[in-house]
Amino acid sequence: MSLKEFRAALRGATYRADALEVLRLLEERAWPEQVLQLIGDALLVAVTSGSASAHGLVRACVARLQARGWDGDVDLADALAARLGDGPQPLLRLVRVDLEELASVREGDPTHGGGRVDLATGQVWPQTVYEDFRADESDEEEEEDEAAGTRWLWVDPVGSRSGYRDMEVFTETVEDEHLAELLTMAISGKGAFRRFKDAIAHHPEAADRWYAFSEDRVRGRARAWLATEGYTPRPGRTPSPL
């Protein structure tokens, strides 16, 4: 099973809360270092099965997250340890939110105005989409929710600086000298994201590693930001606002 196929299968099993499939996938192969955030979220689902093997896998994941130390890794390690009773329960409120959707709003173009998370449903609303659909709710209801601070979590846009840094860090890990040179040139100047994507597309194995690496970094940053706001993601299905 390729890295791309593994990620897709693990994501699907997590979405369906299929603990047995999560355990099968994680027991039959070595874990790629750049997929630990995805693996950790899958294990948050699997540990509810009560399987002894799930507990062993969780502890292994906690150790690797703590050793790796990317943004959000400690937050996820703490959540996993708490689920086993190996550590204190983080004082964070659960919200069923898609971390990649959250990151796309937070790390997108600041001119688009950020967005918000509906704390009742976990839906992530880009500000422009929210404004288009606001007419469906009365102004009085909206004002009451915002005044009480019970419905929305505002997401300020921070831009793409972290995403650019991801390309730099990944390029430093590329062992193929020719590809590393191509990627270094691609991220120089305006249009870096497009050029990087075009350059790596001609190298399928490196592209698979890049997308896994980028996704895990993005998920971790979104998780870390949520923790600073007093929330932690609940893995599973998240409805779309559209």
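Two strands count as paired if DSSP finds at least two bridges between them. Keep that in mind as we walk through this predicted model, starting with a pair of strands joined by a turn.

Look for strand E2, which covers residues 115–118. Strand E3, residues 124–126, runs antiparallel to E2, and 3 bridges join them. Together E2 and E3 form a hairpin with 5 residues between the strands. Within this hairpin, Gly122 takes a positive phi near 85°. If you would like to see how the two strands line up, find Gly115, which stands opposite Pro126 in E3.

E2 has another partner too. It pairs with strand E4, residues 152–155, in the antiparallel sense over 4 bridges. Here Arg116 stands opposite Trp154 in E4. Now turn the model to see where the residues of E2 point: Gly115 and Val117 go one way, while Arg116 and Asp118 go the other way. All four of them are buried.

Next, let us visit the helices. The largest nonpolar core has 31 residues, and those that touch the most other members are Leu10, Leu26, Trp31, Ile39, Leu43 and Leu80. Which helices supply at least two residues each of this core? They are H1 (3–15), H2 (19–27), H3, H4 (52–68) and H5 (73–84). H3 gives the largest share, with 7 residues. To get a feel for this packing, pick out Leu43: beyond its neighbours within four places in sequence, Leu43 is in contact with Val22, Leu26, Trp31, Leu57, Val58, Cys61 and Leu80. There is also a second, separate core of 18 residues, and among its members are Val174, Ala180, Ile187 and Phe213.

Stay with H3, which spans residues 36–46, and find Gln37 there. Is Gln37 buried or exposed? Its relative accessibility is 0%, so Gln37 counts as buried. Setting aside its neighbours within four places in sequence, Gln37 is in contact with residues including Leu65, Arg68, Asp71, Gly72, Asp73 and Leu76. Further along the chain, its contacts also include Asp216, Arg219, Gly220 and Arg223.

Our last stop is the loop between H1 and H2, where you will find Ala17. The phi of Ala17 is near 55°, a positive value in a residue other than glycine. Why pause over that? Most residues other than glycine have a negative phi.

Notes. Residues are numbered from 1 along each chain as its sequence is written. This is a predicted model: local features need pLDDT of at least 70, side-chain atom pairs count only at pLDDT 80 or more; totals for chains, interfaces and linings use all residues. Side-chain values use heavy atoms; hydrogens and water are left out. Buried means under 20% relative accessible area, exposed over 50%, partly exposed in between (1.4 Å probe, protein chains only). Contact means heavy atoms within 4.5 Å. A nonpolar core is a set of buried Ala, Val, Leu, Ile, Met, Phe, Trp, Tyr and Cys residues joined through side-chain atoms within 4.5 Å.
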